[in-house]
Amino acid sequence: MTEFGKINLHAAGMDLGTEQIFVSTDGETVKAFGTFTSDLHDLKTYLIANGVTTVMMEATGVLWVPIFDILESAGINVCLVNAAHAKNVPAQKSDPADCRWLYKLHVYGLVRASFIPDEAIRELRIYIRQREDNKDIAASHIQHIQKAFELMNIKLHNVISDIMGVSGLSIIEAILAGEHDAEKLTALCNKQILKKKKEKVLESLKGNFKREYIFMMQQAYDAWCFYQKQIENCDIKIGELLKKMTENLPKPPQELLGKPKPSRHDDLNVDNLHDQLVCINNGRNAASLPGFSDSAVLKLTAELGTDFSKWVTDKHFTSWLGLSPRKYQSGKTNKTRRSLKKNTKAGQIFKELSMSIAGSKHLALKGFYNRIKSRSGSKAAIKAVARKLAKLYYDYMTRGFTYVEQGLIEYEKKFKAAMIKGLEKKAKNIGYQLVPIGVH
């Protein structure tokens, strides 16, 4: 039997807890530290004194983040690993045993480190995720406003598409200010709504304006306004960070910049967002890809960074995202097993983009979506399109190319031609000839 050779000679294994951290620098002895900031600095000093240059620990919630920041600042390489990939040996489940086991795994290089982007990208990720959280909470307060409408028997949200649009907000603010006359409230709508839906809006605004329902709406509206301000503050931080990240980078030529591509539903209030994104991504204008907007590219940059060397091929990339088919085959017996479900933030972003593809009328990928949907359902189709988009994104970011949208009609035409060619070949193999309907 071949003996494994040691790869990381100056390693340590670390097990994290909410109250104690256990660390082993030799695979035998274990030392415990507290979790206060002064304890973490003592831990750093202890590792440096023992000549440790690289540490392995499991990704446990967010417990790893403060330790990672302190050790990284000291020049110690921190390998964060998936807990499922570093399962402990049987009958030795304890925190000291965990850190000894992690030490051995790290010394012999038996577990691959998780992907951790650089510090600037991690900071951008915090702002983007916080912004998304604020949006989700704001959306919950919109539901509370709709509930207040229902209690009043006001059906405005059944007549206009967005009650938090210009017309909807004007009506809500007027109701909260004490105006309950349906005709006066209707007059606050924009001309386009009045031209097409005036009578429906008028009827929808006749309700029961009880003071407890008004109070409920006021609370929900105030909370919604608060989170809109929080979102604006996130946009300010994002803008400041992007400016800092690009100030020393050369500006790409105009032909590479292309045109900004804002999202219809999520426009970030960040000056010069498009040009800064192209600059950060080494001159790659990913918004030129089908279904992508500047907002989506910003979210992906925050999750994936700009260095794609961590993923050797597009298959590694889509597998890491959790977008590859969850099925494995082993041996000649064709026995299959399904892998564990894996969800990633970046993978979810690609799924959201694929949903916009599903709603398009002209993109070629809509034809691919329709094919998969007819065979396996919409959920499988969304994932399949997401994988296609992820592959496009990876190829574009690593090699660069000019994407040409062939359109849905051209895609369907090529697919039909390929299908006919295949059917003709099958017919010929069994001694038949394919004849179009109506040809005698």
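Colleague: What does the accessible surface of the protein come to?
Modeller: In this predicted model, the accessible surface is about 26500 Å², and carbon and sulfur atoms account for 53% of that area.

Colleague: And how many residues are buried, as a percentage?
Modeller: The protein has 440 residues, of which 41% are buried.

Colleague: Which helices and strands should I expect, in number?
Modeller: There are 17 helices and seven strands.

Colleague: Turning to the interior, how many residues are in the largest nonpolar core?
Modeller: That core has 50 residues, and L304, F317, F350 and Y393 have the most contacts inside it. Several helices give two or more residues to this core, among them α4 (119-152), α9 (211-246), α14 (345-358) and α16 (378-398).

Colleague: Which one gives the most?
Modeller: Helix α16 does, with eleven residues.

Colleague: What is Y393 in contact with, apart from its neighbours within four places in sequence?
Modeller: Its contacts include A286, L289, F292 and V297. Y393 is also in contact with L304, F317 and F350, the other residues listed as having the most contacts inside the core.

Colleague: Which residues does the second core include?
Modeller: The second core is separate, has 32 residues, and includes F149, M164, I171 and Y213.

Colleague: A change of topic: where is N153, and what is its phi?
Modeller: N153 lies in the loop between α4 and α5 (156-159). Its phi is positive, about 65 degrees, although N153 is not a glycine. Most residues other than glycine have a negative phi.

Colleague: Is N153 buried or exposed?
Modeller: N153 is partly exposed, with a relative accessible area of 43%.

Colleague: What about N272?
Modeller: N272 also has a positive phi, about 60 degrees, without being a glycine. Its place is the loop between α10 (254-257) and α11.

Definitions and conventions: Residues numbered from 1 in each chain as written. Predicted model: local features only at pLDDT ≥ 70, side-chain atom pairs only at ≥ 80, totals over all residues. Heavy atoms only, no water. Core = buried A, V, L, I, M, F, W, Y, C linked by side-chain atoms within 4.5 Å. Buried < 20%, exposed > 50% of the residue type's maximum accessible area, 1.4 Å probe, protein only. Helix = DSSP H or I, 4+ residues; strand = E, 2+ residues; numbered from the N terminus. Contact = heavy atoms within 4.5 Å. Areas by Shrake-Rupley, 256 points an atom, 1.4 Å probe, with all protein chains shown as cover.
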